[in-house]
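Here are some notes on this model, set out as numbered points. Please read them with the structure open.

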Amino acid sequence: MARIIIHTKKAPKVEVTEKGDSVYICMCGLSQTYPLCDGSHSSTRSEDDNELYVYDDAHNQSISTQKVNTKKI
Ligand code: FES
């Protein structure tokens with residue numbers, strides 16, 4: 001079975017370890033080092049919140065023609 005996962009965040013979540021180190025967790029879904037952020041979220045900066053985007057492996061962006069109902073949880 002395949003599934004589509006929609007990410008709406010455009011920046012990482014920062015967690016601080018017990019040692020005081022910052023860990024950047026990918027929230028955009030584009031990182032090549034997932035679950036850690038690799039800076040790929042910069043590709044999402046131009047996104048319009050009212051559109052659904054699709055990215056290829058090279059992070060080329062296109063607007064999806066599919067209409068998807070989403071529910072934020
Ligand atoms: S939040 Fe996904 S790469 Fe940075």
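1. D48 is exposed, because 8 other C-beta atoms lie within 10 Å, and the cut-off for exposed is 12 or fewer. D48 belongs to the loop between strand 2 and strand 3. From the C-alpha of D48 to that of S62 is 12 Å, with their positions 14 residues apart along the chain. Please keep in mind throughout that this is a predicted model.

2. D49 is in the loop between strand 2 and strand 3. It counts as exposed because it has 6 C-beta neighbours inside 10 Å. What is the distance in space between D49 and T8, C-alpha to C-alpha? The two C-alpha atoms are 8.4 Å apart, while the residues are 41 apart in sequence.

3. E15 and D48 give another distance to check. In sequence they are 33 residues apart, and in space their C-alpha atoms are 27 Å apart. E15 itself is part of strand 1. With 10 C-beta neighbours inside 10 Å, E15 is classed as exposed, so strand 1 contains a residue that meets the limit of 12 or fewer.

4. The partners of E15 are in strand 2. V23 of strand 2 stands opposite E15. Leaving out residues up to four places away in sequence, E15 touches V23 and I25. The pairing behind this joins strand 1 (residues 13-16) to strand 2 (residues 22-25), in the antiparallel sense and over four bridges.

5. The turn of this hairpin deserves a look. Five residues lie between strand 1 and strand 2, and G20 in the hairpin has a positive phi near 90°.

6. Which peptide bond is cis? The bond that joins Y34 and P35 is cis, with omega about 20°. P35 is placed in the loop between strand 2 and strand 3, the latter covering 53-55. D48 is in the loop between strand 2 and strand 3 as well, and so is D49.

7. H59 has a positive phi, near 70°, and is a residue other than glycine. Its place is in the loop between strand 3 and strand 4, where strand 4 is 61-63. Is H59 buried or exposed? H59 counts as exposed because it has 12 C-beta neighbours inside 10 Å, and exposed means 12 or fewer.

8. Last, the chain as a whole. The protein chain has four strands and zero helices, and the order from the N terminus on is β-β-β-β. Taken along the principal axes, the C-alpha atoms fill a box of roughly 45 × 30 × 25 Å. Of the 73 residues in the protein chain, 10% are buried. Among contacts between residues at least 6 apart in sequence, 18% join residues at least 24 apart.

Conventions: Residues numbered from 1 in each chain as written. Predicted model: local features only at pLDDT ≥ 70, side-chain atom pairs only at ≥ 80, totals over all residues. Pairing = 2+ DSSP bridges. Helix = DSSP H or I, 4+ residues; strand = E, 2+ residues; numbered from the N terminus. Buried ≥ 20, exposed ≤ 12 C-beta atoms within 10 Å, placed from the backbone. Contact = placed C-beta atoms within 7 Å.
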